[in-house]
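Let's take a walk through this structure together, starting with one small piece and working outward. Keep the 3D view open and turn it as you read.

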Amino acid sequence: MSLSNTRTLMAELRQRMGEDDPMPSRREPQRIPDPPVRVYPKPRRPSRFAKEAAAHTTALVGIGRVGTRYATSVVLQFQAELAVAHSAVATVLPDEWAAENGLLSLNSRVEDHRQFLLRPDLGRRLDEDSLSRLREQATKGVDIQPILADGLSAVACMGSGVALLEHLTAECEQRGWTVGTPMCARFARVWLEDEIGQEVGAKVAVILLGERPGLGTGDGLSAYMVYKPEVGKTDSDRNMISNIHQRGIPPPEAAHRLALMAGAMLEQVTSGVTLDLGPLTTELGDAAGTGLREPQVREPLVFVGEEGEGR
Amino acid sequence: MILEPLLPSILSVRRIPNADPALLRAYGADPEKHTSLGLLTCDQDDPVYVALDEATKHASVDVVFAKSFWAGAGSASGPLSGEVLGVIAASDPAEIDEGLAAMIRCLEHDACFYGANDDGSIAVFPHVISSLGHYLSAEAGLPVGSAMAYLVAPPMEATIGLDAALKAADVTAAKVFTPPTETNFAAAWLTGSLPDCEAAAVAYAEAVVAVGREPRQL
Amino acid sequence: MRSTIRGVGYSFDTVKEVLAKANPPKSGDDLAGVSASSAVERTAARAVLADMTLRHLRNNPVVPYEQDELTRLVEDTLDEQAFKAVGHLTVGQFREWLLESSTTGAMIRSISLGLTPEIVAATAKLMSNMDLLVAGAKCRVIVRANNTFGLPGRLSSRVQPNHPTDDVQGIMHSAREGLAYGCGDAVLGVNPSTDTPESTAEILRELHDLRVRNGIPTQHCVLSHVIVQMKALSELKCPMDLMFQSFAGSEKANAAFGINVSLMDEAYAMMRELGSASGPNCMYFETGQGSALSSDAHHGADQVTMEARCYGFARRYKPFLVNTVVGFIGPEYLEDGPQITRAALEDHFMGKLMGLPMGCDACFTYHSSMSQDELESLKVLLGAAGCSYLMSMPVGDDIMLNYQSTSYHDIPSVRMLLGKRPTPEFDAWLSSVGIMDGAVPGPRFGDVTVLR
């Protein structure tokens, strides 16, 4: 707030009317801070653009802005999505979980979670104890050996892992195949299926493991399948189905697709880039080779007050 | 020397942080809403009215009482009385402090009478407010934020001055106070765009000086 | 080669070993088994390195001349006159010369074509983060395509409107949003899901139309494999302002990417003939620490040195953009916030020192130990280091590649914090449509309806 202009106007008038002496200068006033003005929240209108874009992409567009930054609700949703992803990665599969679920418990050579993240090579091989346990307890010479594993999300493994394993076993048995001993590997990377499959002499090995979480997701499983598993197989020897969870490909559907894929491997006696999944395109969808993965559906994660259910 | 600022003297400033409800009611405040009062006396009344309005722009205060005393500063009831008492009220003493600070600043540096003749015995108040606060806007019946020329002079000078002001610019009279008033001056509140209000105030002051120089024209 | 710290002697057999052990801690070097065993050994290696001449480093590349075409490329095309000006200096002396106040960006530019990747990597290892910022900010690399990129006081950005199924409408919605926040002056660049010439051409055409329809002075690019882009360009005749390829630091690692020098020569020649941008610089490369090790093609060298070797390759093609993707490859290469921050500053410095227009995709995957706050801080550091451009996407979330990078909102934030502006041509366009009003957001800031 500035002073009024009156003093200046009078100084000019006075000069115009013939007064030569300058007007006495005024004392410098002490500054009065701007008055605190009551602040009203801005109304937020849903953006038409956001609605229009949502039909085509799950990218968070049309979210508006405050200055150059995000609105509070956007920050909270984002932080919730990030937290879900981070906590899925950080969760360690409990020691006794496999046994409690009637699964043969195996461990890779990894000793702790940090080492699991930093040493993918150790996650691809079984430790000594596990190897002898596998040799003693697992059925050998099977058609298919499914392996449940934690991978990068123990949350996903403990979530729909057992269901996926059971559905897959049923699908395989229905086709008359022998299915290996149900087992679960901890601190496991994809290539661990090579050593396990080799040890049990399986024709096909498939590892069902938690996939690297994305924003807001931490419960997705991927399945990697290889024909004639043995140490030394590479990524180009494998076929995979990802995005297995309730909002993506539900476990029963995924199990069905995996069985079709295994059928193709047994028939063509190969896997990976040389496997022809062409005839199964309709049933297999993305796994048949487009490599495309449907976007994750974004769901609001944050509710305050009554709407939220207590945990 | 003409148009020399005649600076107002603030004679007393006090605040009552927690006023008695009876006192609050007596001075026009609302005990439901106000707890604190700020009071100021001064030897010039119109600058105080401007200053009270200024206070409403700088703090959450209401002007609850503003009255000039009979016959002006020359007939004051005591050395602290001057010719006006202004009272602001607020829910919080901190607001009162802000409001009083704004008033003091306005009175010390801005709003004042000017001498319209050499010895200053004719006084004119040709003040332009660029943006009204909620006190004077309510008094004048104008929207908050309007520009207003607040013009005061002795009866004859004021009348000639008002005519000149109204003709000098595109302004309308929001209120005209014909004599006698408490202090025996006459006044007018004119509104329009800010440049028009300024032109009107200058014409008013010029006419007041001219009347002083030539009181009898026939 | 020996040095002594508090009476304890440390010895190193090869230049490669010294380079690796002098490296600040990186999980990728641990994974490769080449890192120092302790902070003291690391310092001992640095002492040896500081005393080594640039000529000695040139004579001892981490992959031998006979085994690797990148080593041969660097050695055979090195600017001898430029090398002679500094070859006699030790790495320690060279570091000091770079940091002297009297050493200007133009002086650095005059010798940059005489530096080998090993020299540049060695220098980075003797620098603290603040050294990297100060020296990196001196280097100016100015290039031109449809706009002028890399000028002082400028910070550009790539709009990265990726979509998991290449839905063109989805891509366009995201691209328009990015432009409305003043992003996209480096490039409108899409990583496609489908690596085919047809889909590359389709996305390129849509981006081109968006650019032309709105008169936006920028470039467009689809980041498919270079062979796919060559087909799209020569057979499908689509407009292509920039051609993209990922680079790694050895012949073997590049073979895993399906490229080599002669293929890139061919691609570059084709682009110079058929590319649609108006300026002379028409290539866009991406690199990132750890890519050589991930294909077991690091030849026992550390990942910073292997990264510098990418730049030795890239500068042959006078690129318009080089981008180091830091933190994308996972915690086994860069474990956490401090390592990712360090790598970003190293790569920016090394690239600029070698004369490349460096940008940085400062990012993390969700299994790295980096927080969103650390990532935001890193963007400010990169801006202060004079990094030429950053990525940008909605909320920094790449819905296709599933990682976290810079957001559309971050670009104007960093620009305003540091007093930076986009490229002059783009800057003028932003003001003309009301997205910006000079340095501050304009009346249409964030308003996608500005874009037709």
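Look at strand S11 of chain C in this predicted model. From S11(C), C:Met358, C:Cys360 and C:Ala362 point one way, while C:Gly359 and C:Asp361 point the other way. Are these residues buried or exposed? All of them are buried, whichever way they point. In fact, S11(C) covers residues 358-362, and 5 of its 5 residues are buried, so this strand is largely enclosed by the rest of the structure.

Now let's see what lies beside that strand. On one hand there is strand S10 of chain C, residues 321-326, which runs parallel to S11(C) and is joined to it by 5 bridges. If you want to find one of these links, go to C:Val326: its bridge partner in S11(C) is C:Ala362. How does the chain get from one strand to the other? S10(C), helix H18 of chain C (residues 337-353) and S11(C) make a right-handed β-α-β unit.

S11(C) has another partner, strand S12 of chain C, residues 389-392. These two also pair in the parallel sense, here over 2 bridges. Which residue in S12(C) is the bridge partner of C:Gly359? That would be C:Tyr389. To go from S11(C) to S12(C), the chain passes through helix H19 of chain C, residues 372-384, and this β-α-β crossover is right-handed.

Keep S12(C) and H19(C) in view, and look for helix H20 of chain C, residues 410-418. Its buried residues are C:Asp410, C:Ile411, C:Pro412, C:Val414 and C:Arg415. An α-helix has 3.6 residues a turn, so residues three or four places apart point the same way. And what covers the buried residues of H20(C)? The cover includes H19 and S12, along with strand S5 (156-159) and strand S16 (440-441), and these elements belong to chain C. Just after the helix, C:Gly419 takes a positive phi of about 65°.

Time to zoom out to chain C as a whole. You can count 21 helices and 16 strands in it. Its radius of gyration is 21 Å, close to the 22 Å that the globule rule gives for 452 residues, so chain C is as compact as a globular protein of that length. Along the principal axes, the C-alpha atoms of the chain fill a box of roughly 70 × 45 × 45 Å. Buried residues make up 59% of the 452 residues. The contacts tell you how the chain folds back on itself: of those between residues at least 6 apart in sequence, 77% join residues at least 24 apart.

What about the inside? In soluble globular proteins, nonpolar side chains tend to be buried together. Here, the largest nonpolar core has 141 residues, and those with the most contacts inside it are C:Leu19, C:Leu49, C:Leu242, C:Met243, C:Met283 and C:Tyr284. Pick C:Met283 and look around it: leaving out residues up to four places away in sequence, it touches C:Leu242, C:Met243, C:Tyr268, C:Met271, C:Tyr317, C:Pro319 and C:Phe320. A second, separate core has 79 residues, including B:Ile104, B:Val124, B:Cys197 and B:Val208.

Next comes chain A, with 10 helices and 6 strands. In this chain, 43% of the 311 residues are buried. Of its contacts between residues at least 6 apart in sequence, 69% join residues at least 24 apart.

So how do the chains meet? There are 2 pairs of chains in contact, and chains A and C share the most contacts. There, 33 residues of chain C are in contact with 34 residues of chain A. Helices H2 (27-32), H11 (168-180) and our earlier H20 of chain C each supply at least two residues to chain C's side. H11(C) gives the most, with 5 residues. By class, that side of chain C has 11 nonpolar, 16 polar and 6 charged residues.

Chain A also meets chain B, where 25 residues of chain B are in contact with 20 residues of chain A. On chain B's side, helix H6 (194-213) is among the elements that each supply at least two residues, and H6(B) makes the largest share, 6 residues. That side divides into 15 nonpolar, 4 polar and 6 charged residues. Chains B and C, meanwhile, do not touch: their nearest C-alpha atoms are 25 Å apart.

Technical notes: Residues are numbered from 1 along each chain as its sequence is written. Chains are lettered from A and ligands numbered from 1 in the order in which they are written. This is a predicted model: local features need pLDDT of at least 70, side-chain atom pairs count only at pLDDT 80 or more; totals for chains, interfaces and linings use all residues. Helices (H or I, at least four residues) and strands (E, at least two) are DSSP runs, numbered from the N terminus. The radius of gyration is taken over C-alpha atoms; the globule rule is 2.2 Å times the number of residues to the power 0.38. A residue is buried if 20 or more other C-beta atoms lie within 10 Å of its own, exposed if 12 or fewer, and partly exposed in between; C-beta atoms are placed from the backbone. Two residues are in contact if their C-beta atoms, placed from the backbone, lie within 7 Å. A nonpolar core is a set of buried Ala, Val, Leu, Ile, Met, Phe, Trp, Tyr and Cys residues joined through C-beta atoms within 7 Å. Ala, Val, Leu, Ile, Met, Phe, Trp, Tyr, Cys and Pro count as nonpolar, Asp, Glu, Lys and Arg as charged, and the others, Gly among them, as polar. Two strands pair if DSSP finds at least two bridges between them. A crossover is right-handed if, with the strands pointing away from the viewer, the path from the first strand over the helix to the second runs clockwise.
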